[in-house]
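Q: Could you take me on a close look at one part of this model, and then follow the chain outward from there? I would enjoy a connected account of how the pieces sit together.

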Amino acid sequence: MTTTSSLTFLPVLERIAEEVERTPGRGRAADYIPALAACDPRSFGMAVAELDGTVYGVGEWRQPFSTQSITKVFTLALDLAREGDELWEHVGREPSGNPFNSLVQLEYENGIPRNPFINAGALVVTDRLQTRTGDAAGELLDFLRAESGNTGLDFDLEVAASETAHGDRNAALAHFMASYGNIDNDVPTLLDQYFRQCSVSASCADLALATGFLARHGIRADGGRLLTRSQAKQVNAVMLTCGTYDAAGDFAYRVGLPGKSGVGGGIIAVVPGRCTLCVWSPGLDERGNSVAGVAALDRFTTLTGLSVF
């Protein structure tokens with residue numbers, strides 16, 4: 001087993017990058033969002049951020065990519081910090097067992113989404129943050145800029161426009177939940193906030209740093225507290241059980257860390273009390289998770305012995 005001082009993380013990442021480079025099958029980029037379809041599925045980057053903000057990586061770890069559903073973690077944390085347990089009256093904490101954009105369960109469960117990381121649940125969380133801030137997407141962007149230290153982070157308006165043009169299913173989810181009284185804002189406003197939220201462009205370094213508050217048990221980069229220790233545990237727990245769509249069980253089995261993926265090919269992961277990671281490779285499996293990204297995180301926990309188990 002490799003020791004895990006900061007001096008030895010980098011050789012581990014380099015070994016992983018070499019192994020990934022030799023892997024033939026990498027999946028395919030998300031083609032239902034035209035702005036993502038052109039990404040090279042063989043691109044790869046991986047970063048680790050220590051608790052003190054030291055960050056390093058391999059491959060294209062400073063290359064910005066479309067964060068997509070990864071931002072659902074930060075929106076959840078920002079809303080949970082404001083309203084606490086009241087949020088859980090409007091969205092569940094259970095794995096869905098269905099695709100991330102499924103409508104099936106909503107009717108059976110009276111417009112209450114299974115968890116905050118499927119699209120329906122993320123729409124509810126964004127809606128509630130919008131009610132509390134007046135600009136959910138702007139609040140998210142300010143947070144990511146502050147935690148990553150990168151004031152240049154921004155929305156990718158091309159991606160947002162592409163998602164808007166192909167957003168009928170998300171609109172259907174929002175209208176359906178509104179019919180049950182589980183959406184406060186008008187649906188066009190909510191969808192605009194949601195699509196901008198998902199369009200944020202950031203690198204592995206940015207996202208590893210921005211996720212650090214979850215490894216620090218709720219403490220932000222500047223030493224201020226965003227979440228209570230219990231709330232940080234809650235977010236990490238929901239990431240472990242629900243963060244990789246309907247492959248969360250397999251991810252927990254292979255990787256053993258709280259994680260959240262996005263169809264842009266990124267995955268963030270948390271080692272509580274130790275470090276945070278972000279890996280990016282645009283080639284996806286049939287469930288919407290990065291093929292090389294999951295493999296790389298699997299190898300990281302195997303080589304270092306770091307997991308929550």
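A: Happy to. Let us begin with one pair of residues: Lys260 has Ile268 of strand 7 as its bridge partner. Please keep in mind throughout that this is a predicted model.

That bridge belongs to the pairing of strand 6 (residues 259-261) with strand 7, which is antiparallel and runs over 3 bridges. The two strands make a hairpin with 4 residues between them, and in its turn Gly265 has a positive phi of about 105 degrees. Strand 7 then goes on to pair with strand 8 (residues 275-280), again in the antiparallel sense, over 6 bridges. Here Val270 is the residue that stands opposite Thr276 in strand 8. This pairing is a hairpin too, with 3 residues between the strands, and Gly273 in the turn takes a positive phi of about 80 degrees. As background, the strands of a sheet pair through backbone hydrogen bonds, in either a parallel or an antiparallel way.

How well covered is strand 7 (residues 266-271)? Of its 6 residues, 6 are buried. The side chains split into two sets: Gly266, Ile268 and Val270 point one way, Ile267, Ala269 and Val271 point the other way, and all are buried. Ile268, the bridge partner of Lys260, is thus in the set with Gly266 and Val270.

Strand 8 also brings us to the cysteines. The structure holds 0 disulfides. Cys278 is in no disulfide, and the nearest cysteine sulfur, in Cys204, lies 4.0 Å away. A disulfide needs the two sulfur atoms within 2.5 Å, so a separation beyond that cut-off does not count. Cys278 is also buried, at a relative accessible area of 0%. For Cys198, the closest cysteine sulfur is that of Cys39, and because the two are 15 Å apart, they are too far from each other for a bond. Cys198 counts as buried as well, with 2% relative accessibility.

A second sheet is worth a look. It is an open sheet of 3 strands in the order 3-5-4, with antiparallel pairing. Its edge strands are strand 3 (65-66) and strand 4 (154-155), each of which pairs on one side only. Strand 3 is joined to strand 5 (residues 200-202) by 2 bridges, and the two run antiparallel. Within that pairing, Ser66 has Ser201 in strand 5 as its bridge partner.

Further along the chain is helix 3 (residues 71-83), and its length can be checked. At 1.5 Å a residue, its 13 residues should span 18 Å; the end C-alpha atoms are 19 Å apart, which agrees. The helix is mostly covered, with 11 of its 13 residues buried. Among the buried ones are hydrophobic-looking names such as Val73, Phe74 and Leu76, but also Lys72, Asp79 and Glu83. Just after the helix, Gly84 takes a positive phi of about 65 degrees.

Now to the positions that a record singles out. An unreviewed UniProt entry carries the annotation "binding site" on Ser69, Asn119, Glu163, Asn170, Tyr194, Tyr245 and Val263. Asn170 is located in helix 8 (residues 168-179) and is buried, with a relative accessible area of 11%. Leaving out residues up to four places away in sequence, Asn170 touches Asn119, Leu123, Leu191, Tyr194 and Phe195. Two of these contacts, Asn119 and Tyr194, are themselves in the annotated list. Tyr245 is in the loop between helix 12 (229-242) and helix 13 (248-254), and this tyrosine is buried at 6% relative accessible area.

Gln130 offers another polar side chain to examine. The residue is in helix 5 (residues 119-133) and counts as buried at 9% relative accessibility. Its side chain reaches the backbone nitrogen of Ala136 at 2.9 Å. Setting aside neighbours within four places in sequence, Gln130 is in contact with Asp135, Ala136, Asn185, Thr189 and Gln193.

We can end with Glu14, in helix 1 (residues 6-21). At 39% relative accessibility, Glu14 counts as partly exposed. The C-alpha atoms of Glu14 and Gly59 are separated by 8.5 Å, although the two residues are 45 residues apart along the chain.

Notes
Residues numbered from 1 in each chain as written. Predicted model: local features only at pLDDT ≥ 70, side-chain atom pairs only at ≥ 80, totals over all residues. Heavy atoms only, no water. Buried < 20%, exposed > 50% of the residue type's maximum accessible area, 1.4 Å probe, protein only. Polar contact = N/O pair within 3.5 Å; in protein donor to acceptor, adjacent residues only side chain to side chain. Contact = heavy atoms within 4.5 Å. Pairing = 2+ DSSP bridges. Expected span 1.5 Å × (residues − 1). UniProt positions renumbered as here; feature names shortened; annotations may be inferred.
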